[in-house]
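Visitor: I would like a close look at a single part of this structure, taken slowly and with its surroundings included. Could you pick a helix and walk me through what lies around it?

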Amino acid sequence: MRTCRPRLVSTWFALALASLAALSACERRAAPPAGGAPAGPGTEAPPAAPVASAPAAAAAARVEYLEEVTGGADRSEALPLVVAIHGLGDRPESFAGVLAGADVKARLIVPRGLTPYGDGYSWFPLQQALASEDVGQGILRAAAALAATIERIAAERPTRGKAIVTGFSQGGALTFALALHHPRVIGAAFPVSGWVPPAVLPGGSAAEPATPALVALHGEADRRVPFGPTRDAIAALGGRGVKASLKSYPGVGHTVSGEMRRDLLQLIRGAAAEMR
């Protein structure tokens, strides 16, 4: 089993390239090729992650992670914390590439899934339907571990504001759960191709007042995590007082298209500017 240990920069690049070639077929993302046009769904992995120095890794609350700074920031600065959560079968070394080229000064945390899955990792079991109670409880358990890790990082690093969290597929589901159940540590949430099982919806008729604003990004042609239930969940959250909205992408399947990636970076840029 591979683990996220401190490495030299050259080793980081080698592992990133190897990861791009060995991504699980379960949850591949597409990044924009040269020229900025979106790639077809599932046809291309993200570019290698930007590296300011050797990646750091640590374990807290059972979660290991890679840590980098973006936008030319200095590690000693008080920075917004951006947490990017990979999907099923992926790993931090490759998923960090989704935010490659980000021009916002931030501390990027890319956590590693809790259990091995193929060539990558998984956050929770998915043997049953996406909306099942078991899947919902698995999401909540993983979100609790992530929240504890985020809280610890924010306390140990010079940090500005609450964390900005995003994630793809399994990571998108966890982004929803973190925003809805751990608002003390989350300031903005941008789930991509995620879903909200009934167990993850906030109890009662109203969400906690501190619940952060949430913008979901989802392809309308997604067959793995269908668009309709996510649209309905966003409507249900709005009815409970959550500031939730949905950006839809016609013809896009279970992937991060070039347009989605550009929108995501813009959302993160805006949220980071508001963190004080």
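Guide: Happy to. A residue counts as buried when its relative accessible area is under 20%. Leu174 has 0% relative accessibility, so it falls on the buried side of that cut-off. This residue sits in helix H4, which covers residues 170–181, and that helix is the part I suggest we study.

Before we go in, please keep in mind that this is a predicted model. The average pLDDT of the chain is 81, and 77% of the residues score at least 70. Residues 1–61 are the stretch to treat with care: pLDDT stays under 50 there, although the model has 142 contacts beyond four places in sequence for them. Where pLDDT is low, the predicted coordinates should not be read in detail.

Now to H4 itself. With twelve residues at 1.5 Å a residue, the helix should span 16 Å, and its end C-alpha atoms are indeed 16 Å apart, which agrees. Eleven of those twelve residues are buried, so H4 is largely enclosed by the rest of the structure. The buried ones are Gln170, Gly171, Gly172, Ala173, Leu174, Thr175, Phe176, Ala177, Leu178, Ala179 and Leu180.

What surrounds Leu174? Setting aside residues up to four places away in sequence, Leu174 touches Ile85, Trp123, Phe124, Ile139, Ala142, Ala143 and Leu146. Its C-alpha atom is also 8.9 Å from that of Val196, a residue 22 places away along the chain.

The next residue, Thr175, belongs to H4 too, and with 0% relative accessibility it likewise counts as buried. Beyond its neighbours within four places in sequence, Thr175 is in contact with Ile85, Val165, Thr166, Gly167, Ala189, Phe190 and Pro191. Ile85 therefore appears among the contacts of Leu174 as well as those of Thr175, with DSSP placing both of these residues in helix H4.

Let us widen the view to the nonpolar core. The largest one has 41 residues, and Trp123, Ile139, Leu174 and Leu178 touch the most other members. Two or more residues come from each of S2, S3, H3, strand S7 (163–168), H4, S8, S9 and helix H5 (227–239). H3 gives the most to this core, with nine residues. A second, separate core of 28 residues includes Leu99, Ala106, Leu265 and Ala272. In soluble globular proteins, nonpolar side chains tend to be buried together.

Ile139 gives us a view back towards the helix: apart from neighbours within four places in sequence, it is in contact with Phe124, Ala173, Leu174, Ala177, Trp195, Pro197 and Val200. Two names in that list, Phe124 and Trp195, bring us to the aromatic rings. The structure holds one aromatic pair. The ring centres of Phe124 and Trp195 are 6.0 Å apart and the planes meet at 65°, so the pair is edge-to-face. It links distant parts of the chain, 71 residues apart: Phe124 lies in the loop between strand S6 (120–122) and helix H3 (133–156), and Trp195 in the loop between strand S8 (186–192) and strand S9 (214–219). Both Phe124 and Trp195 are buried.

Two serines in the loops deserve a stop as well. Most residues other than glycine have a negative phi. Ser169, in the loop between S7 and H4, has instead a positive phi near 60°; its relative accessible area is 1%, so it is buried. Ser193, in the loop between S8 and S9, also has a positive phi, about 55°, and with a relative accessible area of 0% it is buried too.

Finally, a few strands to set beside the helix. Strand S4 (residues 106–111) is mostly covered, with six of its six residues buried. Ala106, Leu108 and Val110 are buried on one side, and Arg107, Ile109 and Pro111 on the other. Strand S2 (residues 63–70) runs antiparallel to S4 and is joined to it by six bridges, with Leu66 standing opposite Val110. Strand S3 (residues 81–85) pairs with S4 in the parallel sense over three bridges, and the bridge partner of Leu81 in S4 is Arg107. S2 and S3 are also among the elements that give two or more residues to the largest core, as is H4, which brings us back to the helix where we began.

Note on methods. Residues numbered from 1 in each chain as written. Predicted model: local features only at pLDDT ≥ 70, side-chain atom pairs only at ≥ 80, totals over all residues. Heavy atoms only, no water. Buried < 20%, exposed > 50% of the residue type's maximum accessible area, 1.4 Å probe, protein only. Helix = DSSP H or I, 4+ residues; strand = E, 2+ residues; numbered from the N terminus. Pairing = 2+ DSSP bridges. Contact = heavy atoms within 4.5 Å. Phe/Tyr/Trp six-rings, centres within 6.5 Å; stacked < 30°, edge-to-face > 60°. pLDDT = per-residue confidence, 0-100. Expected span 1.5 Å × (residues − 1). Core = buried A, V, L, I, M, F, W, Y, C linked by side-chain atoms within 4.5 Å.
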